[in-house]
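Let's take a friendly walk through this fold, starting with a pair of packed helices and moving on to the sheet. Keep the 3D view open as you read.

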Amino acid sequence: MRLTVFGATGGVGHEVVRQALAAGHEVTAVVRDPARLDVPPHDRLDVAVVRDLTDEEALLPVLTGRDAVVSALGAASNKQAREAPIAGPALSAIVSAMDRAGVRRLSAVSAAPVGPLPDGESVVTRAVVFPLLRRLLRDLYADLAVMEAAMGASRTEWTVVRPPKLLDKPRTGAYRRAIGGNVRGGRTISRADVADALLVSLTDPATARRAVGVAA
């Protein structure tokens, strides 16, 4: 596939780029600062600088002729989300530009607390963990909720991947998935496995227009 990857310099994003190249895909990595892209040069890798991800006209050239889009945006700190939300405004522009460019498939990373608690979750998680996270990181999750709403209202065949706490560990491919909800007892997952889930969803029709919880 010919893929465009947003957020390519982040922890999940650079894993998406690496894994996509290893799988034989052609990748356009969209960045604001090329020096921050932690991926070696590759003959199937094109690095495109777009400094304003809310500018549809600037997005069109990196989307035209693509088969699918992966967004790893949204990993800003809570302070950054308060000052300038990232994921919501960017995805609103991206899905609009995708429609103009005729690109249908999209996967994007969100976060487990944006979704519902799974049935059978522990009392501690229900009464303490999720409420605390949602309060402490409310601006970040509000931004991700806007992102999910923009995707849901679009004509794209989208998938939202909702992980819990992210770790810098190797890809295993053995993580759990919950289509339409969150993973019961899910506490952590590696960034590399989240990248895997984002890529796998692009060719899995069961995840189209669905949120997918993932966890180790």
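Helices α1 and α7 are oblique to each other, because their packing angle of about 60° falls outside the ranges that count as roughly parallel, roughly perpendicular or roughly antiparallel. In this predicted model, the axes of α1 (residues 11-22) and α7 lie 8 Å apart, and the crossing is right-handed. On the α1 side, the contact is made by G11, V12, E15, V16, Q19 and A20, which meet R191, A192, V194, A195, D196, L198 and L199 of α7. Sorted by class, these residues of the α1 and α7 contact are 8 nonpolar, 2 polar and 3 charged.

A second helix pair invites a look alongside the one above. Helix α2 (residues 56-63) and helix α4 (residues 87-101) have axes that come within 9 Å and cross at roughly 55°. The pair α2 and α4 is therefore oblique, and α2 passes α4 in a right-handed crossing. From α2, the residues E56, E57, L59, L60 and L63 take part, while α4 supplies A93, I94, S96, A97, M98, R100 and A101. The residues of this contact divide into 8 nonpolar, 1 polar and 3 charged.

Here are the two pairs side by side:

| Helix pair | Axis separation | Crossing angle | Handedness | Residue classes in the contact |
|---|---|---|---|---|
| α1 and α7 | 8 Å | about 60° | right-handed | 8 nonpolar, 2 polar, 3 charged |
| α2 and α4 | within 9 Å | roughly 55° | right-handed | 8 nonpolar, 1 polar, 3 charged |

**How buried is α7?**

Of the 11 residues of α7, 9 are buried, so this helix is largely enclosed by the rest of the structure. The buried residues are A192, D193, V194, A195, D196, A197, L198, L199 and S201. Several of them also appear in the contact with α1, including A192, V194 and L199. Helix α7 (residues 191-201) also lies across strands β1, β4, β5, β6, β8 and β10 (210-215), and runs at about 160° to β5.

**The sheet**

Now to the strands that α7 lies across. They belong to an open sheet of 8 strands, in the order β3-β2-β1-β4-β5-β6-β10-β8, with mixed pairing. Strands β3 (45-49) and β8 (176-179) stand at the edges with a single partner strand each, so one side of each has no neighbour in the sheet. On average, neighbouring strands are turned by 20° against each other, direction ignored.

Strands of a sheet pair through backbone hydrogen bonds, and the pairing is either parallel or antiparallel. Strand β5 (residues 105-109) runs parallel to β6 (residues 157-162), and 5 bridges join the two. Within this pair, L106 stands opposite W158 in β6. Helix α4 packs on the sheet as well, touching β1 (2-6), β4 (68-71) and β5, with its direction at about 170° to that of β5.

On the other flank of β6 comes β10: these two strands also run parallel and are joined by 4 bridges. There, T159 stands opposite R210 in β10. Strand β6 is mostly covered, with 5 of its 6 residues buried.

**Two residues to click on**

Which residues does V69 touch beyond its neighbours within four places in sequence? V69 lies in strand β4, and its contacts are T4, F6, L63, I94, M98, V103, R105, L106, S107 and L202. Among these partners, L63 belongs to the α2 side of the α2 and α4 contact, whereas I94 and M98 belong to the α4 side. With a relative accessibility of 0%, V69 counts as buried. V69 and L199 are 130 residues apart in sequence, yet their C-alpha atoms are 9.5 Å apart in space.

R209 sits in the loop between α7 and β10. Its phi is near 60°, a positive value in a residue other than glycine. R209 is partly exposed, with a relative accessible area of 33%.

**The chain as a whole**

Stepping back, the secondary structure comes to 7 helices and 10 strands. The chain has 216 residues, of which 50% count as buried. Among contacts with a separation of 6 or more, 70% involve residues 24 or more positions apart.

Terms used
Residues numbered from 1 in each chain as written. Predicted model: local features only at pLDDT ≥ 70, side-chain atom pairs only at ≥ 80, totals over all residues. Heavy atoms only, no water. Axes fitted to C-alpha atoms, helices over the stretch in contact; angles between N-to-C directions. Parallel < 35°, antiparallel > 145°, perpendicular 65-115°, else oblique. Left-handed = near helix turned anticlockwise from the far one by under 90°. Contact = heavy atoms within 4.5 Å. Nonpolar A, V, L, I, M, F, W, Y, C, P; charged D, E, K, R; others polar. Pairing = 2+ DSSP bridges. Buried < 20%, exposed > 50% of the residue type's maximum accessible area, 1.4 Å probe, protein only.
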